[in-house]
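Please look over the sequence and the structure below before reading on. The report then takes up the chain as a whole, its surface and one part of its interior.

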Amino acid sequence: MNTVARVREVIEEAYPPELAESWDQVGLICGDPQAPVTKVAFALDCTLAVAQRAVEIGAQMLAVHHPLLLRGVHSVAADTPKGKVLHTLITGGVALIAAHTNADSARPGVNDRLAQLVGITPGRPIKPTDPTFQPLNEATGLGRVGELPAPMRLGDFVQQVADALPETAWGVRATGDPEQMVRTVAVSSGSGDSFLDAVRDLGVDVYVTSDLRHHPVDEYLRAGGPAVIDTAHWASEFPWTSQAAEIVAKQTGLDTEVIDIRTDPWTISAHPRG
């Protein structure tokens, strides 16, 4: 019989908790480790709608990327936002586990999936966890660097990224000359502006990430940084859910289901009428 503890073991073998950043909170959030499991659901965020869907589809466990309790809370009463989510899960018999920056750094992990989707073979990390005992191209760590099969116009590559990732209301935006030829690509799933300085020194042609802000990008470009493609945070990471579901299904034989609710918070995009 599969249990919450067994599914946790499989997830943590694939995405070791020791790979998580020091500030992160990964692992089992709620649920009895000894409770039986016949179905596991997967999502990027545990919103109330996602929790309700997990209960509706008969899952006994929900695996997500973003920890529900990353920042400290003083109450999980059912009339608080996070408390209502937890009460929905607990009363519905659904355990919750998060694999966050440990899944970002693991191989294969979130960044490998993003690299493959945009069209590169995932090579070295942008920020290796510890390259001392393994070749850099196989090292765990945040971000990935790789090459396209052949050079292409930046404008075409931006479209390729938009076509490859799940659609969001505001799509994809980019810097640079559309006619510039690009070949070497760096990617970082989720918020990646902390790697702008590192990317500038990697010799890449373009950097794909999310949640970029005006001033950091402006300063980076003025310092000679390569082109940047800014995607929705949700879009760069949601594809990981199918990877995680495949791993759990293969290792346990359990029924798995990806909850495809779009949890990207931005729902409207507008441009001036011509």
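What follows is a short description of this predicted model, moving from the whole chain to single residues.

## Overall form

The secondary structure of the chain consists of ten helices and twelve strands. Its radius of gyration is 19 Å, which is close to the 19 Å that the globule rule gives for 274 residues, and the chain is therefore as compact as a globular protein of that length. Measured out along the principal axes, the C-alpha trace spans about 55 × 55 × 35 Å.

Among the contacts in the chain with a separation of 6 or more, 67% are between residues that stand 24 or more positions apart.

## Surface and charges

Of the 274 residues in the chain, 47% are buried. The area that the chain exposes is about 13,000 Å², and carbon and sulfur atoms supply 51% of it.

The chain carries 21 positive and 34 negative charges, and the mean positions of these two sets are 2 Å apart.

## An aromatic pair

The count of aromatic pairs comes to two. One of them is formed by Trp234 and Phe238, whose ring centres are 5.0 Å apart and whose planes make an angle of 25°; because planes under 30 degrees apart count as stacked, this pair is a stacked one.

Are these two residues buried or exposed? Trp234 has a relative accessibility of 6% and so counts as buried, and Phe238, with a relative accessibility of 13%, counts as buried too, because the cut-off for a buried residue is under 20%.

Technical notes
Residues numbered from 1 in each chain as written. Predicted model: local features only at pLDDT ≥ 70, side-chain atom pairs only at ≥ 80, totals over all residues. Heavy atoms only, no water. Phe/Tyr/Trp six-rings, centres within 6.5 Å; stacked < 30°, edge-to-face > 60°. Buried < 20%, exposed > 50% of the residue type's maximum accessible area, 1.4 Å probe, protein only. Helix = DSSP H or I, 4+ residues; strand = E, 2+ residues; numbered from the N terminus. Rg over C-alpha atoms; globule rule 2.2 N^0.38 Å. Contact = heavy atoms within 4.5 Å. Areas by Shrake-Rupley, 256 points an atom, 1.4 Å probe, with all protein chains shown as cover. Lys, Arg positive; Asp, Glu negative; His and termini not counted. Charge placed at Lys NZ, Arg CZ, Asp CG, Glu CD.
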